[in-house]
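Here is a brief report on selected surface and metal-site features. Please read it alongside the sequence and structure.

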Amino acid sequence: METILQVRDLSISFTQYDRGTRRRELPVIRRLSLTVEAGQVVAVVGSSGSGKSLLAHGILGILPYNSRMEGEIRYRGQPLTPRRAEKLRGREIVLVPQGVTYLDPLMQVGPQLRMGRRDARARGESRRVLERYGLGPETERRYPFELSGGMARRVLIAAAAMQSPRLLIADEPTPGLDARAAGRILGHFRELAQEGAGVLLITHDLALALTVAHQVAVFYAGETVEVASAADFPAGRLRHPYTRALWNALPQNGFTPMPGAQPGPGEEGTGCPFAPRCPRRGPECAEEIPLRPLAGGLVRCLRPEGGDGL
Amino acid sequence: MKHRLLFTGKKLIRMLLLLLGVSLAAFLLMSASPLDPLQTNVGQAALGTMSQEQIDRLEDYWGVNDPPLQRYLGWLGDFVRGDMGTSLLYRQPVTQVIGQRLQNSLWLMAFAWLFSGLLGLALGLLAGANRGGLGDRIIRGYCLLVSSTPTFWLALVLLMVFAVWLKVLPAGLAVPVGVDAASVTLADRVRHAILPALTLSITGVPNIALHTREKLIDILESDYVLFARARGERPAAILLRHGLRNVALPAITLQFAAISEIFGGSVLVEQVFSYPGLGQTAVNAGLGSDLPLLLGITVVSAAIVFCGNLIADLLYGVVDPRIRRGAARA
Ligand SMILES: Nc1ncnc2c1ncn2[C@@H]1O[C@H](COP(=O)(O)OP(=O)(O)OP(=O)(O)O)[C@@H](O)[C@H]1O
Ligand SMILES: [Mg+2]
């Protein structure tokens, strides 16, 4: 099977100036790795502020002005250079962005979907794609401020569906949608994958991710801490204590809350960023910890679950 | 529609209150002025040779002895009836003086307003689109240089270069000296207006350019431009499709706010070029204690500036779908 996307040891940092002229590098994503195979839906799960949107923007090569990206991104076997990303985005690599603010507030939905094309074919396409997500033709003449949250969400997804992606990156595509609409959209992602595309589904919602994804990459404070197959979760084959804690926090698993909070950018010390909240931590957790294979997945932990004696 | 009318009505009432305030303020300032109208306009020497009776008559003419409140109310009463009084200096109805001067100034100001608006917009867009690049730095440097240059100084430099050294343009006035009014051509008038208009235009550019640049940079950093890039729109297309569209609203505000600056600038520029426009007349009226004329000019210019803002607000309602559609549904 073809590997669509491979991200290895990706770091993204911002250059900031605190008080006056002192320059500071603020690392937001560190040592992030993940792989998306053709035909797969890979979910990226992490809490708010863990760098999920930035990962999406980094892959597309649309990070802001004051940011820096290091590491390796390969798309279909070839390095995804900024020039290549520029050629591919909107064609083969398509983004479903996180919110309504990604629509031009002064432009009607129709022209926005058609991106300047005026021909009858483009009109037909935009109408069809809106219809597919349950939006009538009158939606074309609406401005973003006239859309409800759920409608705006569907317009964003329609914009992605106008193009025929080989890699779809969806950044929190379902909030604001009722269960049926959300299910339809996730079903559509699965169909895309069945047709041979790769789908990267970004979400903070582990339960949602597990309903559709084949693989789940868990993020914590800008690092990949675990990559597991979706089947590992119900089977209890989890590796990282954070993944375990996320799983236990789900309503159907007892709603066990996790104490403490994720460190913000620049607040992580050395070693494992989860250590301060980790029930299994030991003195060695203050060192650099590699991402290593374990029981068919990957984990960045020196004392993983089910790994005693490793 | 009803909403729009209500909005316009409210604005007009605000304008009337504002004009009242402005005229009162101008009047109080004039009353507090240390300039003695007789001394300034008649002259110390001439006053010395006059009889008390003559002096009393002059004092009556310049309104020195009436209590201020009575004078203001008198002026206001006439004004409401459409009579702005008679200019003491020009011995003509104020409406006539203002009409004539405004005609001279209006072309000058309209040209400077349009030219500085368009050039400022173009430079601002150019700089914002190439943020950090050579073009941006040149444009920013130019804007900072011009905005830190006093207007009168710039006027003098242009005067020196074009009128004194190159001798291609006249140094002042609105028409050639020693030519009777009938034989003054349009070309003559244009030639005389070029230098003042140019000065006024140049000083108006930086404000608009720098603000436009900021707005465009904000827009280019917005989520929707990010998404446009993610969808493979080219930078030029993004600038045309999203940049211009979103810069239009702040540009309207800037452009109409610039009217007041053009008015302010015209006072200095017309002074330097001895251009007989409204600005120069305002200076004369102020220094010559010509109360009716000064009040007239103040009210007229305030009204023009206010109308500019009103037009901007109304245009906003046309251009911004959030107001247009929002109002239509309300
Ligand atoms: N332009 C920027 N300059 C500095 N820091 C930034 C910038 N953009 C994002 N960040 C920081 O990067 C971190 C990750 O942001 P990101 O938007 O990727 O989070 P996220 O995981 O998508 O969160 P959410 O689930 O809330 O969308 C945040 O802590 C944010 O403060
Ligand atoms: Mg996000």
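## Nonpolar patch on chain B

F152(B) sits in helix α8 of chain B. Helices here are DSSP runs (H or I, at least four residues), as strands are (E, at least two), numbered from the N terminus. The model is predicted: local features need pLDDT of at least 70, side-chain atom pairs count only at pLDDT 80 or more, and totals for chains, interfaces and linings use all residues. Residues are numbered from 1 along each chain as its sequence is written, chains are lettered from A and ligands numbered from 1 in the order written, and side-chain values use heavy atoms, leaving out hydrogens and water.

F152(B) is partly exposed because its relative accessibility is 41% (buried is under 20%, exposed over 50%, partly exposed in between; 1.4 Å probe, protein chains only). With W153(B), L156(B), V157(B) and L268(B), F152(B) makes a nonpolar surface patch of about 450 Å². Patch residues have over 30% relative accessible area and no salt bridge (Lys or Arg side-chain nitrogen within 4 Å of an Asp or Glu carboxyl oxygen); nonpolar side chains are joined within 5 Å, like charges within 9 Å. Helix α8 (residues 151–165) gives the most, with four residues.

## Negative patch on chain B

E53(B), D56(B), D60(B) and D66(B) form a surface patch of negative charge. D66(B) lies in the loop between α4 (52–62) and α5 (68–80) of chain B. D66(B) counts as partly exposed, at 36% relative accessibility.

## Magnesium site on chain A

S53(A) (OG) and Q98(A) (OE1) are the protein donors of the magnesium ion (ligand 2), 1.9 to 2.3 Å from it. Donors are N, O and S atoms within 2.8 Å of the metal (3.2 Å for Na, K and Ca). S53(A) is in helix α1 (residues 52–60), and Q98(A) is in the loop between β6 (93–96) and α3 (109–114), 45 residues apart.

Notes. Areas by Shrake-Rupley, 256 points an atom, 1.4 Å probe, with all protein chains shown as cover. Lys, Arg positive; Asp, Glu negative; His and termini not counted. Charge placed at Lys NZ, Arg CZ, Asp CG, Glu CD.
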